[in-house]
Amino acid sequence: MNDLCKLTLKKAAEGLKKKEFSSKELTTAVLARIKKLDQKIGAFLLLTEELALGQAEKADKLLADNQNIGELIGVPFGLKDIIVTKNIRTTAGSKILSDFIPPYSATVYEKIEQNHSVMVGKTNLDEFAMGASTENSGYKITKNPWSTDRVPGGSSGGSAAAVSADMATYAIGSDTGGSIRQPASFCGMVGLKPTYGRVSRYGLIAMASSLDQIGPVTKNVEDAAIVLNTISGFDKYDSTSVEKEVPDYTQFLKENIKELKIGVPKEFLGPGVDPKVRDLINKSLKQLEGLGAKLIEATLPHTKEAIAVYYLIMPSEVSANMARFDGIRFGKDRGEFGPEVKRRIMLGTYALSSGYYDAYYLKAAKVRTLIREEFQEAFKKVDVIAGPTSPVLPFKIGERVDDPLQMYLADILTVPVNLAGLPAISIPCGLVDGLPVGLQIIGDHWQEGKILNTAFAYEKSCPFREKPKL
Amino acid sequence: MKKKINLEEAKYIAKLANLPLTEKQLTKFTSQVSEVIEFNMSLLEKVNTEKVEPTAHVTGISNKLRKDETEQRLSSDEALQNAKSKHNGFFKVKAILEPS
C-alpha cells in the first residue's frame, strides 16, 4: 500500500480513472502512513479521517459513473491550517484560535472541494505563518523528513514535510516571504508561489495582506501546474484578486527551452550563500544552459535592502491584521499570542506610530517601488531569473530560534519576489550532505507559464529521484 | 533619526497594540525591536528615494469596487458561533461608557 502513497498527483489521477485502485484505497493508504509516521514528523495539526473517507467514497461513485471532473478527484491532500474550513477547526498554528470553528470556507478550499479532492488533514505552520522554520507553531515542531533533527523550513513546513514523507499526494501552503518555496526547498519538493492576485486570498487568515499568496506544494512540476489550474482565478470576495484569464498551465509543460533567456543575478550567489549550495546551483544553471537556454548575467542591487523593506512592511501589516483578534468575536485573549507574533506586532505598531511612520513604513514602501522597478527592468532583457531558494541548507532545530535577525536572514532570496508580487517556483536540484537544495525560478507578473516551462525542462533532464529515508 | 527604543516607549507601544506583556517580555522586545529597526534603517537610509512613489499594490489595480448589493452570507448564529460572550443575538462586550 505504501506504493500508492508514493504516487504523484498525475499518476494517482490516472490510476483512479483507469480503476487500478479506488480513492478509498488510496486515502486509506495515506491515512495509515500518517498514523505510522506522523508521530516522528509532526506535519499535521488535525487529521480529518472521517471527512476524508466520506469524500473518497463520493469520489469513487463519481469515478464509477465515468464523470470527467478534473484531475484532483479522489486524490488526498493536506491543507495549511491557516486556510479556513467550514465547521473544521482552524488554528493558524496559534493557541489564540485553539477552539475556532470557522463558519465559512476559503475560496481555495471550496474550489478543491468542488473538484472532489480528499482532505486528509490540516498541516502545521509557524503561528499565523510567521516564521521560516515551523518552530513558532503554538502546538508542535515539525521535523524535516530528510533529517529529523533539522527544521522543515517554514512557514508551510507541515505542508512540505507531509508531501515529502508521502503523507499527502499534494498540499496547499501560503507564501508571504518564502513560506511555500523555502520549506519546499528544505524538504526536496516543488513549491509554487503564484503572482499576487492570481489566487483568491478569501479565507486565508491574513498575515501581511499585500504580500500573502496561496500556492501548491507538490512532488513534481506537472502536479504544481495541475493544482494551479484549479485554484487560480478572480474571486469577487477578494478585491485584490485580478480579473485575468487563467490559461491551462499544463500546456506550458514542454521540454524545449532553446533560446530562453535566464537572468542570473550576482546578488543571489553572493557571500551570504553557503558555498556548497552555490556550487550545486551553478551546476544546475549549466544544466539549463546545456538544454539550449542562454544564461545572462543580471544585477539586482536592491536585493540587499529587500530584507529591511520586508521587515518593516510585513510587521506593519501584521500589526493591523492581528488587531482583529480581540477575544470578542472569536478566539481567546491577546495574551495567548506566541513570542514571534508579539514581537512582530510590537515592531509594526512602532513602525506605524505617530512620528515614525514616514521614516520607517513610508521609506520602506518607497524602496519597495525601487525593488519592483528593478525586476521590471531585468525582465525587459530576460524571460526568467534563477538562483537558489535558500542561501543555507536546512538548519538544526533550535539553532536560530532565539536570534530573530538570523532567522529573518533565511528569507533573503525569497522576499524580493513577494515585495514585487512576482510568481516563483522552487524545484529540487540535488543534495548537499544528504540535504535537499532548491533552485528558484522567478518570472514576470502573470508568467507562471514560463517558470513552469523552465522548471519542467530542468526536471525532465535532471529528475530528482531521491527520497528521505523514513 | 533615533532607532533605539527604551523600556518606557516599549510600554507605550504595547499599550497602543493592546498587548499584555510581562516586564521580562518588555525588556526582551525593547532590545530586539531596537536591533531589527537599527539593522533595517542602516540599509534603507543609504537609498535615495527622492521622487519615488511608495508601492501599495504590486500589480497596479486600484479602487476595485463591487456592486452595492446585499446577499445572504453568514447568519447571525454563524457569525456568533465563536463568541465567548453573547446576548440575544449580539456580541456582549464590557461597558465602554460610564452610566451618567
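This is a short walk through a two-chain model, chain A and then chain B, with something to select at each stop.

Before you click: the model is predicted, so local features need pLDDT of at least 70 and side-chain atom pairs count only at pLDDT 80 or more, while totals for chains, interfaces and linings use all residues. Residues are numbered from 1 along each chain as its sequence is written, and chains are lettered from A, with ligands numbered from 1, in the order in which they are written.

**Stop 1: all of chain A**

Select chain A and colour it by secondary structure: there are 15 helices and 11 strands. Helices (H or I, at least four residues) and strands (E, at least two) are DSSP runs, numbered from the N terminus. Along the principal axes, the C-alpha atoms fill a box of roughly 60 × 60 × 45 Å. The radius of gyration of chain A is 21 Å, which agrees with the value near 23 Å for a compact globule of 470 residues. That radius is taken over C-alpha atoms, and the globule rule is 2.2 Å times the number of residues to the power 0.38.

Colour by burial next, and 63% of the 470 residues in chain A come up buried. Buried means that 20 or more other C-beta atoms lie within 10 Å of a residue's own; exposed means 12 or fewer, partly exposed is in between, and C-beta atoms are placed from the backbone. Of the contacts in chain A with a separation of 6 or more, 77% join residues 24 or more positions apart. A contact here is two C-beta atoms, placed from the backbone, within 7 Å.

**Stop 2: helix 2 of chain A**

Now pick residues 9-17 of chain A, helix 2. Its buried residues are Leu9(A), Ala12(A), Ala13(A) and Leu16(A). Look down the axis: they fall within an arc of 100°, so they line one face of the helix. (The arc is that of the directions from the helix axis to the C-beta atoms.) They pack against helix 3, helix 4, strand 4 (170-175), strand 6 (213-218) and helix 8 of chain A. After the helix comes Lys19(A), with a positive phi near 60°.

**Stop 3: helix 4 of chain A**

Move on to residues 49-64 of chain A: 16 residues reaching 22 Å from first C-alpha to last, close to the 22 Å expected at 1.5 Å a residue. The expected span is 1.5 Å times one less than the number of residues.

Which residues of helix 4 of chain A are buried? Show Ala52(A), Gln55(A), Ala56(A), Ala59(A), Asp60(A) and Leu63(A). They cover an arc of only 145° around the axis, which puts them on the same side of the helix. Spin to the other side and you'll find Glu50(A), Lys61(A) and Ala64(A) exposed. The buried residues pack against helix 2, helix 3 (23-41), strand 2 (76-80) and strand 3 (118-123) of chain A. Asn66(A), following helix 4 of chain A, has a positive phi near 55°.

**Stop 4: strands 5, 10 and 11 of chain A**

Select 190-193 and 424-432 of chain A: strand 5 and strand 10 pair in the antiparallel sense over 3 bridges. Strands count as paired if DSSP finds at least two bridges between them. Gly191(A) has Ser426(A) as its bridge partner in strand 10 of chain A.

Add 435-443 of chain A, strand 11, which pairs with strand 10 in the antiparallel sense over 8 bridges. Pro428(A) sits opposite Gly438(A). The two strands form a hairpin with 2 residues between them, and Asp433(A) in the turn has a positive phi of about 50°.

**Stop 5: helix 15 of chain A**

Residues 448-461 of chain A make a 14-residue helix reaching 20 Å, close to the 20 Å expected. How many of the 14 residues in helix 15 of chain A are buried? The count is 11, including Ile451(A), Phe456(A) and Tyr458(A). Their cover includes helix 8 (221-231), helix 9 (275-290), strand 9 (384-388), strand 10 and strand 11 of chain A.

**Stop 6: chain B and the contact**

Switch to chain B, which has 3 helices and 2 strands, in the order α-α-α-β-β from the N terminus. Its radius of gyration is 22 Å, well over the 13 Å that the globule rule gives for 100 residues, so chain B is more spread out than a compact globule. Buried residues make up 14% of chain B.

Finally, show the contact: 46 residues from chain A and 41 residues from chain B. On chain A, the elements giving two or more residues are helix 10 (303-321), helix 11 (339-352), helix 12 (358-381) and helix 13 (404-409). Helix 12 of chain A has the largest share, 11 residues.
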